[in-house]
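I open a fresh page for this structure. I will go element by element and write down what I find.

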Amino acid sequence: MSLLAGPEGPAAESGWGHDHERKGFFTDTSICIGCKACEVACKEWNRNPIDGDLEILGSSYDNTGELGANTWRHVAFVEQGQERIEEAKESGRKLVSLGMPGIGPKSSGVRGATPAGDLSTTDRTPPDTPEFRWLMSSDVCKHCTNAGCLDVCPTGAIFRSEFGSVVVQEDVCNGCGTCVSACPFGVIERRDDGTISPFAHREDKVDRMGTASKCTLCHDRLVDGEDPACSATCPTQSIKFGDHADLTTEAQQRVTDLHERGMTEARLYGANPKDGVGGTGSVFLLLDEPEVYGLPPDPQVPTASLPATYARVGIAAAGMVAVAALSFLGGRR
Ligand code: SF4
Ligand code: SF4
Ligand code: SF4
């Protein structure tokens, strides 16, 4: 498994002890209005260069397209018709029957009492399915529990912070790009020379050119006791920042509430500590399947198979030595 993960949580396992709670995001896409204030705040705070010429892509109101070295927050716009919305509702219902945690009436804990979540007197008629909707979602680095980028970095430029986040030290990164192929989400990227921007918009000097670049969970702000720039700016609180454990509980409760209101398409992404990356520091509430938002449905940290690979190599090497020894002994007879 990953080099720096375990039952005590990523920060503790990395030598920080238990003095710090793991921090993270809960991004509730059901209340995102697509204003992109988070994207702008991130760029402004981190002085990241412009992407493209600010034209929308043509396929949607998106104008940055994806996360990248210069875009550490990306707001996706997904256009959906009635048929797809019905499919999303159905797939959400199936997740409940598969045992998605946190769905069902809340109990007051008092025997014989009416459960706190008893909705028998509440109108539970699901809302009509609209003919059309936009899904908007602000994507970011997942700050994985088992982070492939961190595991494979040969220079130690990527470290696990005291907040449990995954941070690149650009003055240590040698630009080898090993981390880029190890990220199952396609988040981390090396910064280019700005050639994707029209010449007129290019800055004279591109900072940190050639080094790997991604969201730091605003580490510089956290050490000063401030919230990250993106969550502090979001006008609808679609991006919530806080203690990871509390946010995960809040996210599960929010899915329960939405299902009770007939929005059965709601589901969580990144909240399962048994998934292929051990769960993520950035948890999302989605209104359709992950692929719809460009997220992998079953991300796997590539270093998870390293112990098995080393074991197989060891067995193969031992076999070769044994064959060589037998050949040698046979040749002497
Ligand atoms: S999402 Fe990618 S870049 Fe971010 S911590 Fe996970 S592996 Fe690293
Ligand atoms: S936490 Fe900071 S670096 Fe990360 S996306 Fe938000 S503003 Fe950008
Ligand atoms: S996450 Fe918040 S700031 Fe970002 S686009 Fe959505 S509503 Fe706007």
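**Entry 1: strand β2.** I began with β2, residues 74-81. Six of its eight residues are buried, so the strand is largely enclosed by the rest of the structure. I noted at once that I am working with a predicted model. Next I looked for the pairing of β2. Its partner is β3, residues 132-139. The two strands run antiparallel and are joined by eight bridges. I picked one position to check the register: Ala76 faces Ser137 of β3.

**Entry 2: the whole chain.** I stepped back for the totals. I find nine helices and ten strands in the chain. The chain has 333 residues, and 44% of them count as buried. I then looked up the contacts with a separation of 6 or more. Residues 24 or more positions apart make up 69% of these. The exposed area of the chain is about 17400 Å². Carbon and sulfur atoms supply 54% of that area.

**Entry 3: the four-stranded sheet.** I traced an open sheet of four strands. Its order is β8-β1-β10-β9, and the pairing is mixed. Which strands stand at the edges? They are β8 (239-243) and β9 (267-269). Each has a single partner strand, so one side of each has no neighbour in the sheet. I also looked up the turn between neighbouring strands of this sheet. The average is 25 degrees, direction ignored.

**Entry 4: strand β1.** I stayed in the sheet and took β1. Five of its six residues are buried, so I wrote it down as mostly covered. How does β1 pair with β8, parallel or antiparallel? The sense is antiparallel, with five bridges between them. One of the pairs is Lys23 with its bridge partner Asp243 in β8. I then turned to β10. Strand β1 (residues 23-28) and strand β10 (residues 282-286) run parallel, joined by four bridges. I noted two facing pairs here. Phe26 is opposite Val283 of β10. Thr27 is opposite Phe284 of β10.

**Entry 5: Gly92.** I moved on to helix α3 (residues 82-97), which holds Gly92. Is Gly92 buried or exposed? Its relative accessibility is 0%, so it counts as buried. I listed its contacts, leaving aside neighbours within four places in sequence. They are His259, Thr264, Glu265 and Arg267. I also noted the pair Gly92 and Leu287. They are 195 residues apart in sequence, and their C-alpha atoms are 8.3 Å apart in space.

**Entry 6: ligand 1.** I looked up the surroundings of the ligands in turn. There are 14 residues around ligand 1. The nearest are Cys141, Cys144, Cys149, Cys183 and Lys214. I sorted the shell by class: ten nonpolar, two polar and two charged residues.

**Entry 7: ligand 2.** Ligand 2 has 13 residues around it. Cys42, Arg73, Cys215, Cys218 and Cys230 are the closest. Which elements give two or more residues to this shell? I found α2 (37-46) and α7 (229-233). By class, I wrote down ten nonpolar, two polar and one charged residues around ligand 2.

**Entry 8: ligand 3.** Ligand 3 is surrounded by 14 residues. The closest are Cys32, Cys35, Lys36, Cys38 and Cys234. The shell splits into nine nonpolar, four polar and one charged residues.

**Entry 9: Lys36.** I followed up Lys36, since it was on the list for ligand 3. Lys36 sits in the loop between β1 and α2. Its phi is positive, about 70 degrees, although the residue is not a glycine. I checked its cover as well. The relative accessibility of Lys36 is 15%, and buried means under 20%, so Lys36 counts as buried.

**Entry 10: Leu217.** I checked Leu217 for the backbone too. Its phi is near 55 degrees, a positive value in a residue other than glycine. Where is Leu217? It lies in the loop between β7 (212-213) and α6 (219-222). With a relative accessibility of 1%, Leu217 counts as buried.

Note on methods
Residues are numbered from 1 along each chain as its sequence is written. Chains are lettered from A and ligands numbered from 1 in the order in which they are written. This is a predicted model: local features need pLDDT of at least 70, side-chain atom pairs count only at pLDDT 80 or more; totals for chains, interfaces and linings use all residues. Side-chain values use heavy atoms; hydrogens and water are left out. Two strands pair if DSSP finds at least two bridges between them. Axes are lines fitted to C-alpha atoms, for helices over the stretch in contact, and angles run from 0 to 180 degrees between N-to-C directions. Buried means under 20% relative accessible area, exposed over 50%, partly exposed in between (1.4 Å probe, protein chains only). Contact means heavy atoms within 4.5 Å. Accessible areas come from the Shrake-Rupley method with a 1.4 Å probe; for residues, only the protein chains shown count as cover. A residue is near a molecule or strand if one of its heavy atoms lies within 4 Å of it. Ala, Val, Leu, Ile, Met, Phe, Trp, Tyr, Cys and Pro count as nonpolar, Asp, Glu, Lys and Arg as charged, and the others, Gly among them, as polar.
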